[in-house]
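Biologist: Mind walking me through this one? I'd like to start with what's packed inside.

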Amino acid sequence: MKIYKRLLTFSGNLGSFMLPYFIVTILMSVFSLLNFTFMIPLLDILFNSEESFTVPETLLTLDDFQLNGEFIKEYAYQEFGLLMLEKGKLSALMLICTFTFLASLMTNTFRYIERRLAENYRRNTVALLRTKIFDRVLSLDIGYLTNSKKSDIMARSTTDVTEMENAFSALTTFIKDPIMLIVFFSTLIYLSPTMTMFVFLILPVSGISIGLIAKKLKQVSHNLQDISANLLGVLDETIVGMRVVKGFNADNYVKSSFEKSNQGYVKEYSDFASKRELASPLSEVMGVFFVGVLLYLGGTIVLSDDPSLSASEFMAYLVLFTQVLNPVKAISGNVSNIQRGMAATERIFQLLDTKPSIKDNPEAKELTEFKVGIQFKDVTFGYEEKDVLKGINFELKKGQMLALVGPSGGGKSTLADLIPRFYDPRKGSVEIDGNNIQDYKLNSLRSHMGIVTQESILFNDTIYNNIAFGTDATMEQVEEAAKIANAHEFIIKTDEGYNSIIGDRGSKLSGGQRQRLSIARAILKNPEILILDEATSALDTESEKLVQNAIQHLMKGRTVLVIAHRLSTIQEADNILVIKEGEIVEQGNHQNLMNIEDGVYKKLQELQEYSK
Ligand SMILES: Nc1ncnc2c1ncn2[C@@H]1O[C@H](COP(=O)(O)OP(=O)(O)OP(=O)(O)O)[C@@H](O)[C@H]1O
């Protein structure tokens, strides 16, 4: 219930939607009802039931008005009677047809307004929800996002939102259809209480049996979805892995697994189809049976000696009854939609309620200037229970270059991630100019830093936008940065130069070109502190040279922390930390470290020399 309320009030003022919606729905129902009740005088005229139109001795006037069916009926018949006396039957017929048309026009006008109101409200809510989800994902810390939650977040922001959207439409039928039902049922009761009692008895019976069939169908369609996802999975894997499939002559292997899923699908589908095709004739037969009983019951009343229902009223009753079935069907059909949608909405709200663990302290201040350096004081950190970094101490002085080296998995990237506060240490502190970085505002802290990662993180946008990346840099500034990063030459050779779109994650560029764009982006930001995770992927010598040269330009005059995979690039570093199993096992400059007999650094250096 809470979730319904939260969803409905999500885009703001529920009252400003509900009141007009409510009024419009009532008007729509009333006009729709009028539309059908005009059938009664119409039939009376057609079938010559003149006695219905006898004009009373003393005429009713509008001064006698009472808001009840009896008065309205008598007054209407009196007026029709007068009209027939004066102008003949055809004029009365004409008048009724005009009224019917007008009522239908009004019903449909209000129906249109009702749909637009519901649609607007749904669209606004869903758009706002999407924005909120995106904002929340942006605000979540990196630790949360890497913790195997990516696909979960994707599912919540796509499939769950669609489910929720469907449920939202269904939710409005829960407001609209009960109003329709009340208006129609009150008229049915007014026309014939006996028959309506019978209708009350049969409706739940037919509703439950149709519901049972629908439930069975839903179950089968679920299995069908699973199998079809499986089928797509096999196809996807085969296309992506075609090189391996062909290389290993594994055609028959993938073919047989596809065939297995395919046959499963065929079998499940035939099960589904047989149930689905049965559902419609079954419910029709059931419907006809009930209508048959109703016809008999009504017929008995009409043909009795003292009928409480005229033939024309009975016909109108039957037509109205068919109209009652629509909202009943809509409500029962939407129950499962709503349930599914509410489960999805709950998952969306869980995501929205996730609080980021890395956020600004209430007393956080701006980091206006970086003066002295970065210090790690006894820093311990771990992702899970195990410590990945253990008691790390070092200082990176302003303007110096510090390199991290060591075996894979030692904790180098983790250490670098603590500087922009992607994670907070478990123990100890990371400080800038002697102040804990947690005392600075995150934005101001990160504004002093530039990060170039192993993977060039690019977006499916123009080259210009990828370099400018949210800043309002001019084309000249972007070009300047690209020139320093050795990227200008290749950029101007692309079809549209700086306006070329680079594809998903930069898929239209080579590895080296992607890296140079990332470097250009960092050069443009011109950060005081540079965190550089050297790319491990091999580039050809020419491209490698261009990238290295760009990196040299980028590092000039900055405070640099570099995670080095090629030791040749860090011989100039002021300080090198050798990290192994979360600890600093050696430190010093290249020469100092090479002098340590049996040292880790020396061994790594020899290993790289050897593998050249
Ligand atoms: N998000 C994470 N969740 C859990 N454990 C992680 C996570 N990221 C890294 N680790 C673990 O932390 C340890 C250190 O990883 P890290 O990436 O910092 O090493 P590295 O020295 O940078 O390695 P490489 O040189 O291969 O990049 C590894 O054992 C790794 O498995």
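Biologist: Which helix gives the most to the largest nonpolar core?

Modeller: Bear in mind that this is a predicted model. The largest nonpolar core has 67 residues, and Ala403, Ile467, Ile519, Ala520, Val562 and Ile576 touch the most other members. As for helices, the top contributor to this core, with 6 residues, is α18 (residues 511–525).

Biologist: Let's stay with one of those core residues. Leaving aside its neighbours within four places in sequence, what is Ile519 in contact with?

Modeller: Ile519 is among the residues that touch the most other members of the largest core. With the neighbours within four places set aside, its contacts are Val452, Ala485, Ala550, Ile551 and Leu554.

Biologist: And how many residues are in the second, separate core?

Modeller: That core stands apart from the one with Ile519. Its members include Phe168, Ala170, Leu171 and Ile348. The count for this second core is 10 residues.

Biologist: On to the strands. Is β7 mostly covered or mostly uncovered?

Modeller: Take the two faces in turn. Ile529, Ile531 and Asp533 are buried on one side, and Leu530 and Leu532 are buried on the other. That fits the tally for residues 529–533, where 5 of 5 are buried, so by the cut-off of 20 or more other C-beta atoms within 10 Å, β7 is mostly covered.

Biologist: Which residue of β8 is the bridge partner of Ile529?

Modeller: β7 has parallel partners in this model: 4 bridges join it to β6 (residues 449–452), with Gly450 opposite Leu530. The pairing with β8 (residues 559–563) is also parallel, over 5 bridges. In β8, the partner of Ile529 is Thr559.

Biologist: There's an open sheet of 4 strands too. Which are its edge strands?

Modeller: The order is β2-β1-β4-β5, and the pairing is antiparallel. At one end, β4 (residues 427–432) and β5 share 2 bridges, with Glu431 partnered by Asn436. Pairing on one side only marks the edges, namely β2 (389–397) and β5 (435–436).

Biologist: Now the ligand. How many residues of the shell around it are polar?

Modeller: There are 11 residues around the ligand, and Tyr383, Ser408, Lys412, Ser413 and Thr414 come nearest. Helix α13 (residues 412–417) gives the most to the shell, with 3 residues. By type, 2 are nonpolar and 2 are charged, while the number of polar ones is 7.

Biologist: Last one: how far apart do the C-alpha centres of domain 1 and domain 2 lie?

Modeller: Domain 1 covers 1–192 + 336–357, and domain 2 covers 365–448 + 564–612. Between their C-alpha centres, the distance is 64 Å.

Note on methods. Residues are numbered from 1 along each chain as its sequence is written. This is a predicted model: local features need pLDDT of at least 70, side-chain atom pairs count only at pLDDT 80 or more; totals for chains, interfaces and linings use all residues. Domain bounds come from an automatic or database domain assignment. A residue is buried if 20 or more other C-beta atoms lie within 10 Å of its own, exposed if 12 or fewer, and partly exposed in between; C-beta atoms are placed from the backbone. Two strands pair if DSSP finds at least two bridges between them. A nonpolar core is a set of buried Ala, Val, Leu, Ile, Met, Phe, Trp, Tyr and Cys residues joined through C-beta atoms within 7 Å. Two residues are in contact if their C-beta atoms, placed from the backbone, lie within 7 Å. A residue is near a molecule or strand if its C-beta atom, placed from the backbone, lies within 6 Å of it. Ala, Val, Leu, Ile, Met, Phe, Trp, Tyr, Cys and Pro count as nonpolar, Asp, Glu, Lys and Arg as charged, and the others, Gly among them, as polar.
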